[in-house]
Amino acid sequence: MGKGTHRALDRVQQLARRYPYVLQCDVRQFFPSIDLTILRSVLASHVTDPDVLWLIDRILESGTGVLSEEYEMVYFSGDDLLAATRARGLPIGNLTSQFWANCYMNPFDHFVKRELRCHGYVRFVDDFLLFADDKATLLRWRAAIVDRLARLRLTIHPGAHPRPVAEGLPFLGFTIYPDHRRLKRRKGVCFRRRLNQLRAAYEGGEITLDQLTASVQGWANHVRYGNTVGLRKAVIGATTIPPQRGSVKEEL
């Protein structure tokens, strides 16, 4: 509890105020790359109930190969051609997938905190940031990260490199600076389009005013975690609600 997107945004900005440099990485093909044999081993190190392990096995089997078309084969040191047949991939829609993905990355989190001794570390699913006082430290950590992730049969995008936090950090839909946050432009554009669709749906009697209001309030409550007062006024203040031409359809 208490470890959602807004908590992550707050923590990243807190670290951006404390450290001058950051290494931001994201795992390539994260959910399609998760190796089910490794995941089963990680879960079994904490779960001993045979019935629960049996259920875990059934869930893992049900998702085998579900993301195979999205996976581009990566060979690691010591692999042979049979490595291509390893069971991998977690179906993103499963309720267990998000939790198990965090379990899968848990050994890596401990490595960063305990072995690299990185005090400025934030991870949100497959996107993670390491903060430090100099670029040399981050370059050394990057090499160690690549080696450690290989044990989990994971890779990071090659463009990850140390840079000043003052440039702004794109993270969870915002660009974070030490002293302010901006909503990414495409997020604002997407909501404007969404709002036009909602207005049309309300005008046509497909949704109620309460449903329209709830969608707008949900967006406003999220983007208020950035410096978006002007944006909210521009988007919401300039929106007029047309009268309904029809009636809301009854649910069957």
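Let's start in the loop between strand 1 (21–26) and helix 2 (30–33), where Q29 is found. Keep in mind that this is a predicted model. Although Q29 is not a glycine, its phi is positive, at about 50°. Is Q29 buried or exposed? With a relative accessibility of 18%, Q29 counts as buried, because the cut-off for that class is under 20%.

R153 invites a similar look. This residue lies in the loop between helix 6 (135–151) and strand 4 (163–164). R153 is not a glycine, and its phi is positive, near 60°. The relative accessibility of R153 is 10%, so R153 counts as buried.

Now to the surface. Which residues form a positive patch there? They are K3, R7, R11, R18 and K113. Helix 1 (residues 5–18) gives the most to this patch, contributing three residues. One of the patch members, R18, is found in helix 1. At 57% relative accessibility, R18 counts as exposed, because exposed means over 50%.

Here are the accessibility values side by side:

| Residue | Relative accessibility | Class |
|---|---|---|
| Q29 | 18% | buried |
| R153 | 10% | buried |
| R18 | 57% | exposed |

If you have the structure open, you can follow both loops and then the patch. Q29 and R153 each count as buried, and each has a positive phi without being a glycine. R18, by contrast, counts as exposed and belongs to the positive surface patch.

Terms used:
Residues numbered from 1 in each chain as written. Predicted model: local features only at pLDDT ≥ 70, side-chain atom pairs only at ≥ 80, totals over all residues. Heavy atoms only, no water. Helix = DSSP H or I, 4+ residues; strand = E, 2+ residues; numbered from the N terminus. Buried < 20%, exposed > 50% of the residue type's maximum accessible area, 1.4 Å probe, protein only. Patch = residues over 30% accessible without salt bridge, like charges linked within 9 Å, V, L, I, M, F, W, Y side chains within 5 Å. Areas by Shrake-Rupley, 256 points an atom, 1.4 Å probe, with all protein chains shown as cover. Salt bridge = Lys/Arg side-chain N within 4 Å of Asp/Glu carboxyl O. Lys, Arg positive; Asp, Glu negative; His and termini not counted. Charge placed at Lys NZ, Arg CZ, Asp CG, Glu CD.
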